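Work through the exercises below with the sequence and the structure at hand. Try each task before reading its solution.

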There are 2 protein chains.
Amino acid sequence: MHKLPRRIEDYGPLRAYAPATDPAPCRSKRLDDLDAAIAACELSDGATVSFHHHLRNGDAVLNMVLDRLAARGLKDLHVAATSIFPVHAPLIGHIRNGTVTRLSANFISGPVGEAISHGLVPHPVVLRTHGGRARALDMGELQIDVAFVAAPAADEMGNLSGRIGTTACGTLGYPLTDVEVARRVVAVTDTLVPFPTPSIDIPQGKVDHVVAVDRIGDPSGIASGTTTPATDPVSTGIGDRAAAVIAASGLLTDGFSFQTGAGGISLCTAAAVGRRMADEGITGSFCAGGITGFHVDMLNAGLFRGLMDVQCFDLEAVRSYQSDPRHQMMSAATYAAPHIGGAVVDRVDAVVLGAAEVDLTFNVNVTTKAGGIVIGGSGGHADTAAGARLTLVTTRLTAAGFAKIVPQVGTLTTPGATVDVVVTDHGIAVNPLRADLAERLHAAGLPICGIDALCDQATRLATRTAPPAASGRVVAVSEYRDGSVTDVIRQIADNRTGA
Amino acid sequence: MHKLPRRIEDYGPLRAYAPATDPAPCRSKRLDDLDAAIAACELSDGATVSFHHHLRNGDAVLNMVLDRLAARGLKDLHVAATSIFPVHAPLIGHIRNGTVTRLSANFISGPVGEAISHGLVPHPVVLRTHGGRARALDMGELQIDVAFVAAPAADEMGNLSGRIGTTACGTLGYPLTDVEVARRVVAVTDTLVPFPTPSIDIPQGKVDHVVAVDRIGDPSGIASGTTTPATDPVSTGIGDRAAAVIAASGLLTDGFSFQTGAGGISLCTAAAVGRRMADEGITGSFCAGGITGFHVDMLNAGLFRGLMDVQCFDLEAVRSYQSDPRHQMMSAATYAAPHIGGAVVDRVDAVVLGAAEVDLTFNVNVTTKAGGIVIGGSGGHADTAAGARLTLVTTRLTAAGFAKIVPQVGTLTTPGATVDVVVTDHGIAVNPLRADLAERLHAAGLPICGIDALCDQATRLATRTAPPAASGRVVAVSEYRDGSVTDVIRQIADNRTGA
């Protein structure tokens with residue numbers, strides 16, 4: 001080695017190379033078990049741990065991790081999950097024993113939601129939208145100490161894939177956002193593959209530790225709920241009507257972009273829209289959001305050029321993502337974050353959404369059922385409603401005997417200002433803010449009525465009345481995508497179980 | 001909307017939702033031209049602008065951007081490029097007129113290198129390794145104000161692809177690291193595609209602005225230099241001998257991982273290794289680094305399970321990356337960063353590297369030619385040498401009349417402590433630090449000699465003597481991957497043009 005000058009002008013301090021006595025070794029990120037990973041992350045009381053819901057009601061990772069956190073005696077944890085499903089009922093025990101005292105999620109269904117309404121969680125639960133959570137992460141409002149990523153496949157260096165493994169779930173859009181900001185990332189897998197993982201969805205640079213477990217979940221739980229079009233005449237009637245609204249709106253032209261939920265009526269609408277596109281030779285640009293086999297069929301039929309998939313809703317979608325490059329992953333932030341002024345939701349022409357309740361100002365509730373029990377939350381509902389050029393809410397007038405078009409929603413999830421039209425089995429109501437749309441539908445010969453008429457009709461058809469609103473302490477806060485509060489959920493008296 | 005409480009205990013300040021008077025609009029990221037992008041980035045004198053070299057000697061973006069920066073009167077800029085090629089000769093003018101006064105790169109060939117050696121750049125040029133640059137970025141030693149990304153395809157929201165477009169270059173591993181840390185990212189494309197880009201390599205969340213230009217480069221310049229195995233007997237002889245060394249090392253078993261450069265002798269070695277693998281039924285795990293059509297052929301022949309590709313070296317590799325999911329992109333950081341203790345280079349069993357000079361302590365120079373003119377730099381040379389379990393340097397004893405095995409290298413690029421064996425047309429020398437390897441080669445009947453014997457022989461064969469080392473001011477600093485300095489390059493007197 002040449003003799004080096006002690007200092008070099010305009011370069012700064014010079015440190016001469018010396019053969020490393022202790023070179024950074026190639027360190028496998030694999031640890032023996034969850035306990036080792038928790039210890040390595042130096043978690044302490046009050047920490048925030050995050051989870052994603054790609055395995056939906058088949059997820060085993062949240063319960064497994066919380067069991068270990070509890071066994072290690074950790075207290076006052078904040079569980080920041082993207083969604084909570086019935087399978088996560090054991091979380092209730094961890095809240096009761098003080099392991100977890102804070103909870104935030106974008107969607108909560110099943111026993112945990114019911115328990116929240118009865119005052120389970122000491123601090124108010126924060127319900128966000130998918131985009132609002134991404135925004136809160138990006139802006140540091142929500143800080144994650146450790147993101148636990150259920151990884152269908154991983155190598156020991158932390159290259160993760162959702163496409164292979166016994167519990168393949170497809171895209172990993174939600175953790176893709178968490179791993180950008182979490183202080184530490186622990187991948188939990190049941191399919192450890194040789195380096196390098198053959199179809200990497202999250203690269204090793206974002207992952208700190210890898211833990212192999214027997215199983216991360218039950219693949220059959222990934223497709224929870226229906227993910228096929230409904231076939232009953234009421235649903236297909238609503239779907240046909242909604243498709244007619246989309247056609248009349250003028251948006252159904254080449255390049256059309258579309259999002260629907262996975263529910264039966266939403267997919268009925270998609271089917272009817274698809275038939276119109278095929279008949280008229282229209283090629284859309286993309287379908288976005290959670291993706292089902294039905295969307296895959298539309299792609300393969302040439303009706304769309306691509307799919308932007310934050311989460312696969314069924315195994316047909318998983319298979320498509322495995323093999324079709326037109327079927328692309330997007331992160332939660334790219335999907336729906338409101339502060340970037342260009343999330344994918346902002347590029348959607350028409351979105352078809354469901355509702356638990358819609359009220360006279362077109363506000364939508366997808367958070368609580370009649371009586372105030374938490375049954376869901378926005379997920380991407382408020383995000384897509386705000387982003388899409390045309391937001392349709394499709395619903396029957398009544399369900400389980402309760403009116404679904406009501407004077408005022410039990411919980412305001414999605415503001416009426418972002419909902420353009422409500423399509424029901426008894427008529428179509430256009431938001432007065434969208435006089436242009438009303439004109440187009442009128443010109444197309446579609447029967448339009450006022451939302452008040454639908455509300456009256458729903459009241460007439462209802463056989464049960466919603467219990468009065470709960471009045472206890474605030475047990476949950478429904479945050480809009482920008483972090484403002486649309487509503488609060490209050491504790492239900494213990495002698496009531498809700499509707 | 002329900003009346004909300006003014007404050008909620010344990011929640012924090014509450015801001016009630018109000019319909020946004022000015023919702024974040026869906027803003028296209030497309031700007032009219034480079035001037036608009038430069039203005040939007042609020043660049044000022046002294047800023048650092050980064051560029052990548054995926055278009056290699058076909059790149060038009062660096063020159064184009066610097067022309068506009070100069071036209072806008074910016075001064076004292078720092079150009080932080082991953083590599084500089086002959087096509088970037090106009091950079092010399094921008095340095096002469098004071099637009100650019102600092103330069104850093106991992107590899108510099110052509111007129112810019114020659115001019116550096118003659119004192120062109122006022123401040124010392126910093127030559128890093130690919131991994132060292134990624135480390136410097138990660139640790140904030142190198143801060144990028146604006147990363148200009150030559151994007152073969154982009155949509156107006158900033159989803160970038162290297163796989164399509166008239167100047168498709170394949171993977172985008174180098175900018176993938178820059179966009180993680182740059183204050184602003186400007187994508188420059190000649191193929192604007194409808195949203196969403198069909199095969200996204202860099203997602204929109206990492207990109208601030210998109211500018212369409214007539215052409216970002218010349219696809220025929222992507223494959224610069226040879227990317228096919230040499231066929232002359234000297235080269236194939238070295239290749240066969242190197243392959244025999246790899247076989248004798250004991251590493252050539254199932255799961256073998258391999259890296260070679262794109263030079264003729266390196267690919268000869270790869271060909272010979274491939275024949276041995278096929279003969280013996282060995283299936284390797286992956287080839288890494290810059291990828292050529294030859295590596296693709298080995299993948300398709302079933303010799304390896306996958307390719308980890310930071311940069312496609314030719315159009316055959318580009319085509320493979322377009323269509324084969326086993327051919328995966330990795331970022332510069334994942335490829336080679338030294339501080340993470342698990343970059344892909346750390347997982348490579350054997351790497352075959354070239355050399356301008358090798359000396360008696362196995363130090364390698366790939367930075368300057370005889371006489372001290374800058375002709376390259378480490379790129380991934382020092383990274384892979386440090387990472388791989390077996391590092392082979394293959395070289396002829398002489399080139400252009402000069403000895404290549406010398407008493408002391410002109411510039412120390414890659415420390416001898418990381419080089420295990422030198423394979424030449426006149427014999428094999430094993431680093432004394434690797435007595436175990438010498439024993440294995442001996443046992444396999446391979447002819448081993450001392451590096452001093454090779455040096456003597458090279459001296460005898462040489463027909464020209466290297467000019468004395470330059471002694472002017474320090475014009476460039478060769479940084480090792482950990483940021484320490486292996487050597488400095490000094491100014492050559494103006495009446496000398498080097499060898």
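**Exercise 1. Place a histidine.**
Decide whether His130(A) is buried or exposed in this predicted model, and find which residues His130(A) touches.

*Solution.*
- Step 1. Locate the residue. His130(A) sits in helix H5 of chain A, which spans residues 130–138.
- Step 2. Check the accessibility. The relative accessible area of His130(A) is 7%. Buried means under 20%, so His130(A) is buried.
- Step 3. List the neighbours, leaving out residues up to four places away in sequence. His130(A) touches His53(A), Thr82(A), Ser83(A), Asn106(A), Tyr174(A), Tyr335(A), Ala336(A), Gly379(A), Gly380(A) and Asp383(A).

**Exercise 2. Look for disulfides.**
How many disulfides does a search of the whole structure find over all chains? Examine Cys312(A) and Cys169(B) as test cases.

*Solution.*
- Step 1. Recall the chemistry. A disulfide covalently joins the sulfur atoms of two cysteines.
- Step 2. Take the count. The search of the whole structure finds 0 disulfides over all chains.
- Step 3. Test Cys312(A). Its nearest cysteine sulfur belongs to Cys169(A) and is 7.3 Å away, and Cys312(A) is in no disulfide.
- Step 4. Test Cys169(B). The closest cysteine sulfur is in Cys312(B), at 7.3 Å. The cut-off for a disulfide is 2.5 Å, so the sulfur of Cys169(B) is too far away for a bond.
- Step 5. Add the surroundings. Cys312(A) is buried, at 0% relative accessibility. Cys169(B) is buried too, at 1%.

**Exercise 3. Follow salt bridges within chain A.**
Which parts of chain A does the pair Arg68(A) and Asp35(A) tie together?

*Solution.*
- Step 1. Start from the total. There are 38 salt bridges over all chains.
- Step 2. Identify the pair. Arg68(A) and Asp35(A) form a salt bridge through their side chains, with N to O at 2.9 Å.
- Step 3. Place both ends. Arg68(A) is in helix H2 (residues 61–71) and Asp35(A) is in helix H1 (residues 34–40), so the bridge ties together parts 33 residues apart in sequence.
- Step 4. Compare exposure. Arg68(A) is partly exposed at 31% relative accessibility, whereas Asp35(A) is buried at 19%.
- Step 5. Take another pair. Arg434(A) and Asp436(A) form a salt bridge, with their closest N and O atoms 3.1 Å apart. Asp436(A) is partly exposed, at 43% relative accessibility.

**Exercise 4. Cross from chain to chain.**
Where do Glu156(B) and Arg347(A) lie, and what does the pair join?

*Solution.*
- Step 1. Check the distance. The closest N and O atoms of Glu156(B) and Arg347(A) are 2.6 Å apart, in a salt bridge.
- Step 2. Place the residues. Glu156(B) lies in the loop between strands S9 (153–154) and S10 (160–161) of chain B, and Arg347(A) lies in the loop between helix H11 (332–336) and strand S17 (350–353) of chain A, so the pair joins two chains.
- Step 3. Check the exposure. Glu156(B) is partly exposed, with a relative accessible area of 25%.
- Step 4. Find a further pair. Arg347(B) and Glu156(A) meet in a salt bridge, 2.6 Å from N to O.
- Step 5. Look for a network. Salt bridges link Glu180(A), Lys206(A), Glu180(B) and Lys206(B).

**Exercise 5. Describe the interface.**
How many residues does the contact take from chain A and from chain B? Work out what the chain A side is made of.

*Solution.*
- Step 1. Count the residues. Chain A gives 69 residues and chain B gives 69 residues.
- Step 2. Find the area. About 5500 Å² is buried between the chains, and carbon and sulfur atoms give 54% of that area.
- Step 3. Count the links. Between the two chains there are 6 salt bridges and 33 residue pairs in polar contact.
- Step 4. Name the elements. On the chain A side, strands S14 (284–291), S15 (304–312), S27 (474–479) and S28 (485–490) each give two or more residues. The largest share, 5 residues, comes from S28(A).
- Step 5. Sort by class. The chain A side has 36 nonpolar, 18 polar and 15 charged residues.

**Exercise 6. Examine an enclosed helix.**
Why does helix H9 of chain B count as largely enclosed?

*Solution.*
- Step 1. Count the buried residues. H9(B) covers residues 293–300, and 6 of its 8 residues are buried, so the rest of the structure largely encloses the helix.
- Step 2. Name the buried residues. They are Gly293(B), Phe294(B), His295(B), Val296(B), Met298(B) and Leu299(B).
- Step 3. Find the packing partners. Among them are helix H8 (264–280) and helix H10 (315–323) of chain B.
- Step 4. Inspect the ends. Thr292(B) caps the N-terminal end, with a side-chain oxygen 3.0 Å from the backbone nitrogen of Phe294(B). Gly302(B) follows H9(B) and has a positive phi, near 80°.

Conventions. Residues are numbered from 1 along each chain as its sequence is written. Chains are lettered from A and ligands numbered from 1 in the order in which they are written. This is a predicted model: local features need pLDDT of at least 70, side-chain atom pairs count only at pLDDT 80 or more; totals for chains, interfaces and linings use all residues. Side-chain values use heavy atoms; hydrogens and water are left out. Buried means under 20% relative accessible area, exposed over 50%, partly exposed in between (1.4 Å probe, protein chains only). A salt bridge is a side-chain nitrogen of Lys or Arg within 4 Å of a carboxyl oxygen of Asp or Glu. Helices (H or I, at least four residues) and strands (E, at least two) are DSSP runs, numbered from the N terminus. Contact means heavy atoms within 4.5 Å. Buried area is the accessible area (1.4 Å probe) that two parts lose on being put together, summed over both. A polar contact is a pair of N or O atoms within 3.5 Å; within protein, one must be able to donate a hydrogen and the other to accept it, and residues adjacent in sequence count only if both atoms are side-chain atoms. Ala, Val, Leu, Ile, Met, Phe, Trp, Tyr, Cys and Pro count as nonpolar, Asp, Glu, Lys and Arg as charged, and the others, Gly among them, as polar.
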